[in-house]
Amino acid sequence: MRWYASGRRGVSSIQFRGLELASGYTGFTDRPAYADARNIADDLIAHYVDGELDRVEMFYNGYVSPMTQEVRHETLLPLQQADVLGDDEGGGGGEDERGEDEGPDHSRSLWIYEPDPEDILERLAPDYVEISIYRALLESTASEHGARMTAMRNASENAAELIDNLTLEANRQRQAEITQEIMEVVAGAEGLR
């Protein structure tokens, strides 16, 4: 298992746990650009094509709302060919309802692809991986900003509540001191009579 991480926290988290970090990508997590996602995708695709990786899975903070983020998991590679090529699960082996064999994929395909589906997939797979990584970077950034915004709002509300409580306590103390001084003056005046 090889670990790739994006962002300082991701890199330090992998290293802190004693896992071997294959590569870390830092310096752009505040404002990720598509070129950053392309660099990560190029490395992952190259290692996958070379056979160094047999599977590429991605974990990231998914943005739900400013107050809610969720950890998401996606498998980037290998792509599910059944979904892309339109294979039927428990398939019919190339025969239609009449039992006639029309060839490998003709009974399931409603479209004729030019070039064939494998070539299209070969061209689009890198774009799919890049876009998926870029989306994950953007969602993680949005989640982080949302969490910061929520934390700052909560801190401001807590500070305002604390100020109100301290102001009330200070007013009570001042009122108690004033009352004490008035009682001393009254007691002194009655002592003079």
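The dialogue below reads a predicted model feature by feature, beginning with the chain as a whole.

Q: How many helices and strands does the chain have, and which pattern does it follow along the sequence?

A: The chain of this predicted model has 4 helices and 4 strands, and read from its start it follows the pattern β-α-β-α-β-β-α-α. Of its 193 residues, 19% count as buried, while the chain exposes about 14300 Å², of which carbon and sulfur atoms supply 53%. Among contacts between residues at least 6 apart in sequence, 49% join residues at least 24 apart.

Q: Which residues of α2 are buried, and where do they fall when seen down the axis of the helix?

A: An α-helix has 3.6 residues a turn, so residues three or four places apart point the same way. Helix α2 covers residues 34-49, and its 16 residues reach 22 Å from the first C-alpha to the last, close to the 22 Å expected at 1.5 Å a residue. The buried residues of α2 are D36, A37, I40, A41, L44 and I45. Seen down the axis of α2, these buried residues fall within an arc of 160 degrees, so they line one face of the helix.

Q: What do the buried residues of α2 pack against?

A: The buried residues of α2 pack against the strands β1 (3-6), β2 (21-25), β3 (56-65) and β4 (68-77), and also against helix α4.

Q: How should backbone geometry be read, and what is the phi of G51 or the peptide bond from L77 to P78?

A: Most residues other than glycine have a negative phi, and most peptide bonds are trans. Here G51, which follows α2, has a positive phi, near 85 degrees. The peptide bond from L77 to P78 is cis, with omega near 0 degrees, and P78 is placed in the loop between β4 and α3 (81-85).

Q: How many salt bridges does a search of the whole structure find, and which parts of the chain does the pair of E52 and R2 link?

A: Side chains of opposite charge can pair when their charged atoms come close. A search of the whole structure finds 9 salt bridges. In one of them, E52 pairs with R2, the closest N and O atoms being 2.9 Å apart. This pair links distant parts of the chain, since E52 is in the loop between α2 and β3 and R2 is in the segment before β1, 50 residues apart. E52 is partly exposed, with a relative accessible area of 42%, and R2 also counts as partly exposed, at 36%.

Q: Is E130, which meets R38 in a salt bridge, buried or exposed?

A: The side chains of R38 and E130 meet at 3.6 Å, N to O, and the pair links helix α2 with helix α4 across 92 residues of sequence. R38 is partly exposed, with a relative accessible area of 37%, whereas E130 is buried, at 6%.

Q: Which residues do salt bridges with shared partners join into one network, and what does E139 touch?

A: Another salt bridge is formed by E57 and R55, whose closest N and O atoms are 2.5 Å apart. Salt bridges that share partners join E70, R72, E74, R135 and E139 into one network. E139 lies in helix α4 and counts as buried at 16% relative accessibility. Not counting residues up to four places away in sequence, E139 touches Y60, N61, G62, Y63 and R72.

Q: Which residues form a nonpolar patch on the surface?

A: I178, I182 and V186 form this patch, with about 240 Å² of accessible area together. I178 is found in helix α4 (residues 117-192) and is partly exposed, with a relative accessible area of 35%.

Methods. Residues numbered from 1 in each chain as written. Predicted model: local features only at pLDDT ≥ 70, side-chain atom pairs only at ≥ 80, totals over all residues. Heavy atoms only, no water. Patch = residues over 30% accessible without salt bridge, like charges linked within 9 Å, V, L, I, M, F, W, Y side chains within 5 Å. Areas by Shrake-Rupley, 256 points an atom, 1.4 Å probe, with all protein chains shown as cover. Salt bridge = Lys/Arg side-chain N within 4 Å of Asp/Glu carboxyl O. Helix = DSSP H or I, 4+ residues; strand = E, 2+ residues; numbered from the N terminus. Buried < 20%, exposed > 50% of the residue type's maximum accessible area, 1.4 Å probe, protein only. Contact = heavy atoms within 4.5 Å. Expected span 1.5 Å × (residues − 1). Arc of directions from axis to C-beta.
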